[in-house]
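Thanks for coming, everyone. Let me put the structure up, and then we'll walk through its rings, a helix and the core.

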Amino acid sequence: MSMGTTLTRRGVLAGGLAFTFAFTAGEGAAAQADAGPLNAYVGIAPDGTITIQAPVPEMGQGTNTALPLIVAEELDADWEKVRIETAPVRAAYDSPVFRSQFVVASLSVRGYWMPLRMAGAQARRVLLDAVAARWGVPVEELTTEPSTVVHAASGRRMSYGEVASFARAPDTLPEITPAALKPVSAFRLVGRDVARFDVPAKARGQTLFAIDVRLPGMLHATVARSPGLGARPLSHNGAALLQRPGITHVLPLDQGVAIVGERVETVLAARRELTVQWSPGEGAAHDSEAALASYLEDVRDATKAGVQVVRTGEPEQALAGAARVHSAEFTSDYVYHGQMEPLTCVASVTEAGAEIWAGTQWPSLVRDEAARILGIPAERVTVHMLTMGGGFGRRAAIDYAVEAVQVARAVGRPVKVMATREDDMANAHVRPMTAHRIEVGLDAAGRITAWRHRLASDLVVPQLYGRARLEAQRGVDHIVTYHANVAHYDVPATLTQHLYREHGVRTAPWRGIGAGPNAFAVEAVVDDLARQSQTDPLAYRLALLRDARARAVVEAVGAMAEWNRPREGTHLGIGFAKLGLPQLGEALAATVAEVALDRASGTLRVLRLWCAADVGLAVQPRNAMRQIESSLLWGVSSALTERLTIREGAVQQSNFTDYEMLRAPETPEVQVRLVGGGEVPLPVAELGLGTVAPAISNAVMVATGRRLAAIPFTRERVRAALAG
């Protein structure tokens, strides 16, 4: 996508129906004007070029290849003739899962699966109807080959480009039923390794990120944000900074102070001199270590019931009647998103409306919030969905886009607002820290009779979706509590309770959401139970898992890792995790980690990871495996080093120098194998993460007989665990 194309493209939807009437001006106009739109997703030009709209922004997972590929499959398109565009922000492109254009929870492919198949099949039917009318034959006698309509009885053939020269979308588009879609066995694109659309441009440095956008007359800005929720700027030294050459404005915002100037270097230099006195915010006294200790007190105090998340059977009675109760406690710290591209947004506000350029996971919300701030209809706000240089849940929050709109309105010129790494980390939207207490009732034969998981943490749902959403879900924060159950294991009575406190800390979903800390706690306990029963942990899981798909991934990873082969100086541990929504299907994964431990220093090295994953129908198998590899490495990083702490309301880390992440020399060898299959794709990109921490902790247990129970497993914590 060139900058010129981005700036000149306009699309207007008619009446919310699945029609796109595209008109353009300037660069690229000729080609687009000839690409006849057949529905919101598909346009075909007389030269045979097929333009398919990708409905969500690309955030690095290859989504904007996978989604058009689904359309092309049902359209029966020649993939070599397909051109992919990022769609405008319009209701026609909303995800049926989120009712908006929103990239989160690895649900884009799963969520858009049926709508995109329908769109492709609908466009194909429009082509068939047009050819049937021209040739005077029943449409049932026509078939298609890649980008070609065929009438076998007469031997006639017509390319899609030829059809586009005379065909027009009818006033009422044909209805497509699921029965009219291709059988999966007939797929020729989905399920094959088609090269990603976005990689060549990235390799050539041509991909447009928000930080690359430059507009005529544009100013630069950065924002010093309040250290915690609710704090306001009371005073600042902006008057002095305005005396600096090139500084044009110092603007107080609701929760920050913006410095605006002609050049980014000037603005950043002024930012270093900015001092702000803040009002006390909700989190002014927050201390993360003290809060985590209070979380542990909460989960230990049985009189505090918390919100009931999951209940099956009668767990209290089963625990009371158990021959033996095994209990264990775990914690996890706050985690920063660590995206490489600084948070950046460009906004231009004029009397005609607003234009916004942002890499955002939630472009629909950016549009709607900008319209609300400016008091204009949403139709007068254009959001250009740019590629994200990492998101991982952070860019589901749109605070940086809101600030850009506010600043652009105030200064009356286009503005690029960019956060420094230090400001981004100081105002991090963190993965909540958690404390867990799991109690397992066992009968005289050692069989599990009850499982109670008490989880304490901050909340995410109110900050992401609003408090009404939490109330509508009976207080259940589905982001934090995901995977805090043992649904795949054969346990007759279970209870998950969530106890939460709010400290004025900004929170957000983080890659893998609750599966990171929750699967860690669950899988560590399963391993402990195996050891207590003197059963091999892998064999114990196979006996306990009631889900055939789950058993398949555990069996497969055991074979991959040669589980029973003796090692010299290293040890193996296993972890199991899931990802998805029960109503849409969940992907499953099991990982074995091979770990070496330096007892003196407490240094853990993860040498190898093997992962078997069932992701249903893999739209792009090789890309799915690469995404799982990525999530596994994120799992290693978050398990070993990533830790953000807060004292007196202020984040104590400032950059990657004191917020440690996995480095290249520490990267383990990784093998991923897809097992299972099916006719529906399941979530992929975050799947592996939840398996890693328990696999590492379980390997250390094999090596030392000591349990690492606090994520991350820093050297200090490892030494403390070994010291008992």
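Start at Arg-431. Its charged end sits over the ring of Trp-510, 5.0 Å from the ring centre. Now look at Arg-469. The charged end of Arg-469 sits over the ring of Tyr-465, and here the distance to the centre is 4.2 Å. Keep in mind that this is a predicted model.

Stay with Tyr-465. Ring pairs link Tyr-465 into a cluster with Phe-98, Phe-102 and Trp-362. So how many aromatic pairs does the structure hold? The count is 13. One of them joins Phe-98 and Phe-102. That pair is edge-to-face, with 5.2 Å centre to centre and 70° between the planes. Are these two rings buried or exposed? Phe-98 has 21% relative accessibility, so it counts as partly exposed, because buried means under 20%. Phe-102 has 2%, so it counts as buried.

Next pair: Phe-330 and Phe-520. They are edge-to-face too, 5.4 Å centre to centre, with 75° between the planes. This pair links distant parts of the chain. Phe-330 is in strand S16, residues 324-332. Phe-520 is in helix H17, and the two residues are 190 apart in the chain. Phe-330 counts as buried at 1% relative accessibility. Phe-520 counts as buried, at 1% as well.

That brings us to H17. The helix covers residues 515-532, which is 18 residues. From first C-alpha to last, H17 reaches 25 Å, close to the 26 Å expected. Why is H17 described as largely enclosed by the rest of the structure? Because 16 of its 18 residues are buried. After the helix comes Gln-534, with a positive phi near 55°.

Now the core. In soluble globular proteins, nonpolar side chains tend to be buried together. Here the largest nonpolar core has 72 residues. Which members touch the most others? Trp-451, Leu-604, Ile-628, Ile-696 and Phe-713. And H17 gives this core its largest share, eight residues.

Zoom in on Trp-451. Leaving aside neighbours within four places in sequence, Trp-451 is in contact with Val-522, Val-525, Val-526 and Leu-529, among others. Its contacts also include Ile-438, Glu-439, Val-440, Val-486 and Thr-494.

One last stop. Apart from the largest core lies another, of 53 residues. Among its members are Ala-77, Ala-87, Tyr-93 and Val-137.

Note on methods. Residues are numbered from 1 along each chain as its sequence is written. This is a predicted model: local features need pLDDT of at least 70, side-chain atom pairs count only at pLDDT 80 or more; totals for chains, interfaces and linings use all residues. Side-chain values use heavy atoms; hydrogens and water are left out. Helices (H or I, at least four residues) and strands (E, at least two) are DSSP runs, numbered from the N terminus. The expected span of a helix is 1.5 Å times one less than its number of residues. Buried means under 20% relative accessible area, exposed over 50%, partly exposed in between (1.4 Å probe, protein chains only). Rings of Phe, Tyr and Trp (its six-membered ring) pair if their centres lie within 6.5 Å; planes under 30 degrees apart count as stacked, over 60 as edge-to-face and the rest as tilted. A charge sits over a ring if NZ of Lys or CZ of Arg is within 6 Å of the ring centre and within 35 degrees of the ring normal. A nonpolar core is a set of buried Ala, Val, Leu, Ile, Met, Phe, Trp, Tyr and Cys residues joined through side-chain atoms within 4.5 Å. Contact means heavy atoms within 4.5 Å.
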